[in-house]
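Subject: Handover of a protein structure

Dear colleague,

Please find below the sequence and the structure that I am passing on to you. I should be grateful if you would keep them open while reading the notes underneath.

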Amino acid sequence: MNNDQNPAADSSSQSAQRQVRVQLISQQEDVALPENTGPILVPTGLRRYALSTLVNNLLGNDKPVPFEFLVNGAFLRTSIDEYLTANGISAETTLEIEYVRALIPPLHIASFEHDDWVSSVDVLSATSPASNWSSKTVSQGQERILSGSYDGLLRVWNMSSQIIATSPSPADGGHTSSIKATKFVSPTSIVSAGLDRTVRLWKYSESDDGFSAKISPQLELYGHKSGVNSLAVHAPSNRILSASADHSVGFWSTKKSDAPAAPESLLPSAVSRTSKRRKLNTSVSVSQRGPLALLSAHTAPVSAAIFDAKDSTVGYSASWDHSLRTWDLVTAALVDTRTTSHSLLSLEHLPDHHLLATGTSARHITLIDPRASAATISAMTLRGHTNAVVTLARDPHSTYGLISGSHDGTCRIWDIRATKTDKDGVVGESVYSITRKSLEEEGKANSKRVGGEGVKVFSVCWDQSVGIVSAGEDKRIQINRGEGVLSSA
């Protein structure tokens with residue numbers, strides 16, 4: 001059958017012959033075309049690979065650079081013709097197409113082994129918040145990784161996988177149960193919290209040669225009546241937020257002089273009397289203080305609490321009660337409540353897009369606009385995980401990037417420009433998935449465990465200098481790194 005007798009083939013042929021005028025632009029100066037490069041006519045049948053070849057030819061590149069293409073803020077995943085048809089755009093228009101370097105997969109750099117599950121990780125580097133907030137600089141090669149474990153101990157690691165400091169035992173002022181959250185407050189200060197219901201501040205000091213260090217108890221904060229799930233730090237204002245299973249958000253000062261007295265009923269001496277348990281004979285005397293405020297409105301455990309990335313007087317909290325709440329931290333008043341369809345297990349702020357990312361028990365990430373003017377609860381849904389999404393972190397290189405860690409045993413990298421629209425609205429798909437190296441070493445990379453059992457990710461941190469640091473049920477800290485994983489804003 002020839003084309004004259006085949007309407008489908010004839011239509012396809014006409015589509016391939018149609019042309020559209022495109023203006024190719026890039027925000028990345030080293031691959032941008034000259035400013036006087038005008039619109040060019042291209043066949044509407046072109047897809048990403050052909051467009052990438054075209055740009056490389058225009059740039060005169062000897063070694064081709066792979067590119068991705070953005071039209072109206074979303075990645076082009078079809079032919080230009082299919083895009084025009086799907087969006088009702090005439091081929092007579094001039095289409096502005098932005099090109100960016102294609103994504104680079106983050107490679108496995110190292111894994112540090114623990115004796116127990118690793119619940120939380122943080123990084124101290126020249127580019128980390130704790131360093132940026134401090135006058136003390138961190139030299140290249142002197143980066144540190146902080147981990148909190150279910151064995152109740154904090155550890156500080158150098159980049160050669162050596163432990164240079166371990167927190168004290170309970171008898172010497174350490175946690176009396178599993179640690180669930182920890183962060184560097186500054187290069188000389190650490191905060192941690194866990195199932196013993198306390199938030200603890202520690203002094204961190206290194207020897208002159210940098211090969212050993214000490215974690216010393218500094219302040220114990222009492223106020224929660226159940227375990228603490230997560231922490232957020234704003235060092236410039238000396239403030240901490242904690243999310244607790246007692247349905248409340250704790251608001252604390254890192255300065256002993258600012259903090260009120262600890263509630264007598266929650267101190268270890270009172271607890272040991274009422275429960276008839278033997279009081280621990282601690283050899284260390286540590287100051288004990290209470291919260292500036294306990295924010296109570298949630299009706300189920302609070303999974304995460306964070307500061308607004310641009311206004312530290314505003315806080316957000318996410319809970320198993322399906323709600324995301326906004327708080328005025330000056331007055332301790334509840335400002336706004338957004339109710340979703342699922343339990344919320346993690347929280348991160350994307351301030352340049354006025355969005356809050358919430359990891360859910362339903363295996364996806366919901367992006368919410370917390371502003372009062374927002375018409376809908378969910379601005380976007382990110383799908384791909386196969387189990388609960390329990391940890392989130394921003395990409396330090398790009399305002400569009402986000403990483404998530406899940407009980408399915410993977411971390412996924414998202415670019416909120418990589419979207420499609422379906423019956424559920426705007427949906428994003430991950431651009432990379434990072435598996436646990438421990439699976440490969442066991443030779444089980446191709447035999448997925450049910451629900452990620454044994455390799456669940458509990459915590460992820462994305463640092464500009466060190467890379468992607470994740471930890472979990474496999475008793476490992478894993479480091480992955482890739483320069484320019486996502487194209488910058």
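The notes that follow go from the whole chain to its cores, sheets and individual residues.

**The chain as a whole**

Please bear in mind that this is a predicted model. The protein has 489 residues, and 51% of them are buried. Its secondary structure consists of 6 helices and 36 strands. Among contacts with a separation of 6 or more, 57% are between residues that lie 24 or more positions apart.

A UniProt record, in an unreviewed entry, lists the feature "repeat: WD" at residues 145-167, 172-212, 221-262, 295-337 and 382-424. In the model, the stretch 145-167 is 57% strand and 0% helix. The C-alpha atoms at the two ends of this stretch are 14 Å apart.

**The nonpolar cores**

In soluble globular proteins, nonpolar side chains tend to be buried together. The largest nonpolar core here contains 20 residues. Which of its members touch the most others? They are Leu24, Phe69, Ile80, Leu95, Ile97 and Tyr99. At least two residues of this core come from each of strand 1 (19-25), helix 2 (48-59), strand 3 (67-71), helix 3 (80-86) and strand 5 (94-101).

Leu24 is a useful residue to select on your screen. Once its neighbours within four places in sequence are set aside, Leu24 is in contact with Leu33, Ile40, Leu54, Val55, Leu58, Phe69, Ile97 and Tyr99. Another core, of 15 residues, lies apart from the one around Leu24. Its members include Leu103, Ile403, Val431 and Ile434.

**An open sheet of four strands**

One open sheet is made of 4 strands in the order 20-21-22-23, and its pairing is antiparallel. Which strands stand at the edges of this sheet? They are strand 20 (302-307) and strand 23 (333-339). Each has a single partner strand, so one side of each is left without a neighbour in the sheet. From one strand to the next, the twist averages 20 degrees.

Strand 20 pairs with strand 21 (residues 314-319) over 5 bridges, in the antiparallel sense. One position to look at is Ala305, whose bridge partner in strand 21 is Ser317.

**The partners of strand 32**

Strand 32 (residues 425-429) runs parallel to strand 27 (residues 378-383), and 3 bridges join them. Within strand 32, Val427 stands opposite Thr381.

Strand 32 also pairs with strand 31 (residues 419-422), here in the antiparallel sense and over 4 bridges. Val426 of strand 32 stands opposite Thr421. Strand 31 and strand 32 form a hairpin, with 2 residues between them.

**Residues in loops**

Three loop residues deserve a separate look. Pro187 lies in the loop between strand 11 (179-186) and strand 12 (189-194). Is Pro187 buried or exposed? Its relative accessibility is 7%, and because buried means under 20%, Pro187 counts as buried. Beyond its neighbours within four places in sequence, Pro187 is in contact with Leu124, Ala130, Ser131, Ser134, Lys136 and Tyr204. Pro187 and Leu124 are 63 residues apart in sequence, and their C-alpha atoms are 6.9 Å apart in space.

The other two residues concern the backbone angle phi. Most residues other than glycine have a negative phi. Ser161, however, has a positive phi, near 65 degrees. Ser161 is found in the loop between strand 9 (154-157) and strand 10 (163-166), and at 35% relative accessibility it counts as partly exposed. Arg363 also has a positive phi, near 80 degrees. Arg363 is found in the loop between strand 25 (355-360) and strand 26 (365-368), and with 43% relative accessibility it counts as partly exposed.

**Cysteines**

A disulfide is a covalent bond between the sulfur atoms of two cysteines. How many disulfides are counted in this model? The count comes to 0 disulfides, where a pair of cysteine sulfur atoms would have to lie within 2.5 Å. Two cysteines may be examined for their surroundings. Cys411 has 2% relative accessibility and counts as buried. Cys461, at 12%, counts as buried too.

Yours sincerely,

A colleague

Key. Residues are numbered from 1 along each chain as its sequence is written. This is a predicted model: local features need pLDDT of at least 70, side-chain atom pairs count only at pLDDT 80 or more; totals for chains, interfaces and linings use all residues. Side-chain values use heavy atoms; hydrogens and water are left out. Buried means under 20% relative accessible area, exposed over 50%, partly exposed in between (1.4 Å probe, protein chains only). Two strands pair if DSSP finds at least two bridges between them. Axes are lines fitted to C-alpha atoms, for helices over the stretch in contact, and angles run from 0 to 180 degrees between N-to-C directions. UniProt positions are given in the numbering used here, feature names are shortened, and annotations may be inferred rather than shown by experiment. A nonpolar core is a set of buried Ala, Val, Leu, Ile, Met, Phe, Trp, Tyr and Cys residues joined through side-chain atoms within 4.5 Å. Contact means heavy atoms within 4.5 Å.
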